[in-house]
Each structure stands twice: as C-alpha cells, then as structure tokens.
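Biologist: I should like to learn how to read the boundary between two parts of a protein chain. May we work through an example together?

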Amino acid sequence: MRVLSGVQSSGRLHLGNYLGAMKQHIEAQEAHECFYFIANYHSLTTVTEPDRLRAYTRDVALDYLALGLDPETACLFRQTDVPEVTELTWILSTVTGKGLLERATSYKDKIAKGLQASMGLFSYPILMAADILIYRSDVVPVGKDQVQHIEMAQDMAASFNHMFECEVLKRPEAKLNEAMIVPGVDGQKMSKSYGNTVELFDSSKATRKRIMSIKTDSTPLEAAKDPETCNVFAIYRLLAAPAEVRGLEAQYRAGGMGYGEAKKQLAEVVERVLGPARERRRRLEADPDYVEDVLRAAGEKARGVAQGVMEDVRSACGLITAKDTHR
Ligand code: TRP
C-alpha cells in the first residue's frame, strides 16, 4: 500500500503538527511504502520571500529526519523535484469544474482572512490532487481540514477517467489522523495563526518557558482538580506513557498539587521526546550535504514513478508521448 502526504513549508513546525500528523507519518514507515513531500509549490501561495521559503523547506526536511523519519525506508522529497506535478495540474484543470473549486472551504477561509485571491490559491486543490494522483497513492493521511481536498482529488480522478474512458488515475482514500485536538498555550487549537504554539525545535529553556505559560484556571493549590478540563493535562496525555498519565491524573484528583508542578512534569516529558530529536537535528544541520543527498535521491525515485504515470496520462488524453514519436 502506498501512503502519501505533503507538508507545507510555510513556518516553523510545532507540537500540534507533530502530534497531529508527523508522528503518524513516521510510524507508518514501518508498515507501508511511504512518500512524503515538502509542498514548496503550495507554499508559494503564502510565502513570498525567497530566503524564507528556502529556509522553511530545509526546516521541514530537518524536522522529519530529526524526529525519526528513516530515509532508507520512507521517501522524503521536495515537491519541486518532480516538476511533472505542474503538468498534471494543468491537465486536471481541464476536467475540473470551476464550481468544484468555488466550494472549497479552505479557499474561502483564506480569502476571509485577507489573503489575495490569486489563481494559485484558487487552484491549490488541483495541484494537491496532482500530488496525490501522480503517485497512484492508495491512502493519504491528513488532518480534518484537508479531507475536502482529498474528496476533490477523488472527483478529479473520476472526471479524468470518465472523460478519457480509461482507468489511468487511481482513486485515493483519505485517512483521518485520529489524534485528539492539541491545545495551544491559550487552550485554543494549537495553530501558527493563533500564535499559541509550542515550537518543536526551540532551545530546551525556551520550550520550558513556553510550557510554564500554558493557561490554567485559578483552582487553589490544595484543591482537587479536574484533569479533563486542563490544557496541561491534555498535552501531557498525548506524550506521556499510560502509567505516567494515570499517575498525574491521580495527583490532579487528590488535590495538593499546583498547576506549576503539572507543568514541570509536562516539561520533563516534552524534553524526553524532543531532547534527543533536537540533538539529532543539530547534527543534521551541520551536514547540509547529507540532507541534500537524501532529498535529491528521494526526489529521483518519486520522479521515476511520476514519469511512468504521466506517460499513461498523456497517452490517455492524446498528448504526444515518447511512444507516439516512434509511431
Ligand atoms: N494542503 C496540505 C496542507 O496544508 C499539504 C499538501 C499539499 C498535501 N499537497 C498534498 C497533503 C497532498 C496531502 C497530499 O496540510
């Protein structure tokens, strides 16, 4: 089974990204053929400073490798190393109704937030469908906000196959990342746009400070506390071992423990998870040639698959293929 997902390179990744998607991506590498790419063509719809786009693209690669993506097992590459996706985007745009794109809630949200209604933003879902279909992906693990985009990719595959009376494009399935919503330091969903994130790769001191700033209620230290309504506990339970979770839960219910102590315990677990990754990331950062080699080799592998599918696509719709020129 081929699993594919893309991550935009449009900012520093945070604990919400890790628990909501990256962790599942990395775990899937054991059991499936995994293609993960850094969606830098997509990022161009929001990041307009070249140096920042380059840095973010590199950061996503470093973050995945540091957190345990094994480049020998999973294919981690840059979207731009497979330029054929832009060709498939064009072809798919000819079988996609404008109305379908106009219903995209993510587009409407972005416009409502004040982003410029560029054609890139509008046809974002077509590029995303091309990403998925060009590798004949079986399963696409994504967060809830992306499910509509996967459904659009399914529609586009069907439209293409129907229009050209073929079975060239494979219908992908969405796999919802079942992770609980990860709250940010203010209790809202952790999101870059809310400014409430705990970054994955800050210094350990800055991370600790951020954790100590998590909003809690004013239940006094002696009183029993409800873990179910506490932001600190909500993050703790996503990271700690089951026995630790039960232990902290008991301390909440018993009373006599302040939120400061709970935050300290959370900070320790976060450090246990991120500390070694931070160290690996530091080493990778010092070896840019290695990271470049990983991305390039994976890009070549992915491109090989994409080129094969594109031969079939071009042939199905009557564009000239290498085969045709010998006819
Ligand atoms: N739009 C996705 C996001 O913002 C990123 C993405 C681009 C993607 N292409 C993809 C995800 C293809 C899955 C499959 O999260």
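Modeller: Certainly. Please bear in mind that this is a predicted model. Let us begin with the charged pairs: there are 2 salt bridges between domain 1 and domain 2.

Biologist: Which residue forms a salt bridge with D63?

Modeller: The partner of D63 is R281, and their closest N and O atoms lie 2.6 Å apart. A salt bridge is counted here when such atoms are within 4 Å, so this pair qualifies.

Biologist: Which helices each supply at least two residues of the side of domain 1 that touches domain 2?

Modeller: They are α1, covering 15–28, and α3, covering 50–66. The most is given by α3, with 5 residues. Sorted by class, this side of domain 1 holds 8 nonpolar, 1 polar and 3 charged residues.

Biologist: Where do the two domains lie along the chain?

Modeller: The domain assignment places domain 1 at 2–181 together with 288–325, and domain 2 at 201–283. Taken over C-alpha atoms, their centres are 34 Å apart.

Biologist: How many residues of each domain are in contact with the other?

Modeller: In domain 1 there are 12 such residues, and in domain 2 there are 10. Across the interface, 4 residue pairs are in polar contact, with both residues at pLDDT 80 or more.

Biologist: What area is buried between domain 1 and domain 2?

Modeller: The general idea is that interface size is often expressed as the accessible area lost when the parts come together. In this case, about 1100 Å² is buried between domain 1 and domain 2, and carbon and sulfur atoms give 66% of that area.

How values were computed: Residues numbered from 1 in each chain as written. Predicted model: local features only at pLDDT ≥ 70, side-chain atom pairs only at ≥ 80, totals over all residues. Heavy atoms only, no water. Domains from an automatic or database assignment. Contact = heavy atoms within 4.5 Å. Buried area = accessible area lost by both parts, 1.4 Å probe. Salt bridge = Lys/Arg side-chain N within 4 Å of Asp/Glu carboxyl O. Polar contact = N/O pair within 3.5 Å; in protein donor to acceptor, adjacent residues only side chain to side chain. Helix = DSSP H or I, 4+ residues; strand = E, 2+ residues; numbered from the N terminus. Nonpolar A, V, L, I, M, F, W, Y, C, P; charged D, E, K, R; others polar.
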